[in-house]
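Visitor: Hi, I'm new to this one. Can you walk me through it?
Guide: Sure, let's bring it up and start with a pair of helices.

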Amino acid sequence: METKMTGSPVERSRPQSPNIQIYRPQLTSVLSIANRISGVFLSIAAFGLVVWLIAAAAGPRVYATVQGVLSSAIGQIVLFAATFAFFLHLCGGIRHLVWDGGYGFELRTIYASGWAVVTVSVALTLAAWIIALFTGG
Amino acid sequence: MIIRSSNQMSRLTLLKRFPLPRNFGVNSKSRIERGQTWSARAGTKRIKTFEIYRYDPGSNRNPRIDNFEVDLDDCGPMVLDALIWIKNTIDSTLTFRRSCREGVCGSCAMNIDGTNWLACTRFISDTEAPASIYPLANLPVVKDLVSDLTHVVAQYAMIEPWLQSKTPEPDKERLQSSEERHRLDGYYECILCFCCTSGCPSHWWTGDRFLGPAALLQAWRWLTDSRDEATGERLDNLEDPFRLYRCHTILNCTRTCPKSLNPGKAIAEIKKRMIERRN
């Protein structure tokens, strides 16, 4: 564009209108950022899994220490969050896979699949914990 | 709550904005300050307050938010009517673009209560109390609600939005079957208001190189046109980590389009076409 005024005093002095500071959170954007945050959280949690496996291989004393941390209140909260992040990221990933196939782009379908991701990941998290609490101990 | 079409208002909103500081990541020139309040005349029965973003390039002041109390008994039903009423009766310096006043031209696109829409097709009765009016998000501001569209229009020009044909020009019109014509439905209606591009978080962070939903919807409009013969070149032009693939299917675009078009679907179709031509 010949008329572009990049670097001209006029353009440089112009303020930028706000974006995320004013834009309303919607199911679309909230689930997108939730998918990213859960992905980052799961990457960190994967290190925790490796620590747990190494501890199991290192012997009963180390394993007991790690097990102690995991069964503490904070450990349980982190584990619960990791379970939820896992199911949210899994369901969100499946939703993205369907989109990549070119399906599910009608607005009502976008919202239906979005709420389905929320509902199913909450249900699976609760189910996983109920099963774990009753069968494990 | 299921949103069935983009003109549907969300009745249930947990948060009106993301829990971030007001001036999060905002440069010093763009920081918004408190402005003044223009009270309604005494005796006004039905008052509606509008919080409006103001910026005057003639002064050295930062942008600010002014509060205007509008007399609803003296004003038309749409947000654009309120803006015109303010300009006529309170502050003639209030600046905004408008033309057709019926959702056809796309001039009065702005951020109303946190989402992008046309001021002429949003009812005042559907806005919050107070209603908040900002220019389209994430664009340089020329004055008040007038944003600088130079960059997004240049991005539109990049997809070469015209018919490109190698075959010699026919004597008559280039004919299409009704099925071929039908493929353009949902894409040719774009009025280039840039509500979608301005509402796209991916375009906020990488808008210098990502073309954004408006330009990409137009790209698909030409890719799917049976008369256009530059499909290969058009796809080559888009085969880039940023231009096309910075779309992360957030779909704020489809949620906000005032013409109920589907930029998200158009972009998915382009991505699919990219893969199909590799096989």
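**Helix packing in chain A**

Guide: This is a predicted model. In it, helix 2 (residues 27-58) of chain A packs against helix 5 (residues 107-135) of chain A, with an angle of about 40° and axes 10 Å apart.

Visitor: What does that angle make helix 2 of chain A relative to helix 5 of chain A?
Guide: The angle makes helix 2 of chain A oblique to helix 5 of chain A. The crossing of these two helices is left-handed.

Visitor: Which residues of those two helices meet?
Guide: From helix 2 of chain A you have Leu27(A), Thr28(A) and Leu31(A). They meet Ile110(A), Tyr111(A), Gly114(A) and Val117(A) in helix 5 of chain A.

Visitor: Ok, zooming out. How many helices and strands does chain A have?
Guide: Chain A has five helices and zero strands. Read from the N terminus, that's α-α-α-α-α.

Visitor: How spread out is chain A next to a compact globule?
Guide: More spread out: the radius of gyration is 22 Å, well over the 14 Å that the globule rule gives for 137 residues. Along the principal axes, the C-alpha atoms of chain A fill a box of roughly 75 × 40 × 25 Å.

Visitor: And what share of chain A is buried?
Guide: 23% of the 137 residues count as buried. As for contacts in chain A with a separation of 6 or more, 69% of them join residues 24 or more positions apart.

Visitor: Can you pick one residue for me to look at?
Guide: Try Val50(A), which sits in helix 2 of chain A.

Visitor: Is Val50(A) buried or exposed?
Guide: Val50(A) counts as exposed, because it has 10 C-beta neighbours inside 10 Å. Its C-alpha atom is 33 Å from that of Trp115(A), a residue 65 positions away along the chain.

Visitor: Which elements of chain A have the lowest and highest mean pLDDT?
Guide: The lowest mean pLDDT among the elements of chain A is 51, for helix 1 (residues 9-12) of chain A, while helix 4 (residues 73-100) of chain A has the highest, 97. Over residues 1-5 of chain A the pLDDT is below 50, and this stretch has eight contacts in the model beyond near neighbours in sequence. The average for chain A is 91, and 91% of the residues score at least 70.

Visitor: Switching to the other chain. How many helices and strands does chain B have?
Guide: Chain B has nine helices and eight strands. Its C-alpha trace spans about 70 × 40 × 40 Å along the principal axes, and 37% of its 279 residues are buried.

Visitor: What's the mean pLDDT of chain B?
Guide: The mean is 95, with 100% of the residues of chain B at 70 or more. For the complex, the predictor gives an ipTM of 0.93 and a pTM of 0.92.

Visitor: How many residues of each chain are in contact with the other?
Guide: 54 residues of chain B are in contact with 30 residues of chain A. Helix 9 of chain B gives the most to the side of chain B that touches chain A, with five residues.

Visitor: Tell me about how that helix packs inside its own chain.
Guide: The axes of helix 9 of chain B and helix 6 (residues 213-223) of chain B come within 8 Å and cross at roughly 55°. That makes helix 6 of chain B oblique to helix 9 of chain B, and the crossing is left-handed. Among the residues that meet are Leu216(B) and Trp220(B) in helix 6 of chain B, and Ile267(B) and Ile270(B) in helix 9 of chain B.

Visitor: Any backbone oddities to look at in chain B?
Guide: The peptide bond from Ala129(B) to Pro130(B) is cis, with omega near -5°. Pro130(B) lies in the loop between strand 5 (115-118) and strand 6 (131-134) of chain B. Then there's Asp113(B), whose phi is near 50°, a positive value in a residue other than glycine. You'll find Asp113(B) in the loop between strand 4 (109-112) and strand 5 of chain B.

Visitor: Is Asp113(B) buried or exposed?
Guide: Asp113(B) is buried, with 22 other C-beta atoms within 10 Å. Ser260(B) also has a positive phi, near 55°, but Ser260(B) is partly exposed, with 13 other C-beta atoms within 10 Å. Look for Ser260(B) in the loop between helix 8 and helix 9 of chain B.

Definitions and conventions: Residues numbered from 1 in each chain as written. Chains lettered and ligands numbered in written order. Predicted model: local features only at pLDDT ≥ 70, side-chain atom pairs only at ≥ 80, totals over all residues. Helix = DSSP H or I, 4+ residues; strand = E, 2+ residues; numbered from the N terminus. Rg over C-alpha atoms; globule rule 2.2 N^0.38 Å. Buried ≥ 20, exposed ≤ 12 C-beta atoms within 10 Å, placed from the backbone. Contact = placed C-beta atoms within 7 Å. pLDDT = per-residue confidence, 0-100. Axes fitted to C-alpha atoms, helices over the stretch in contact; angles between N-to-C directions. Parallel < 35°, antiparallel > 145°, perpendicular 65-115°, else oblique. Left-handed = near helix turned anticlockwise from the far one by under 90°.
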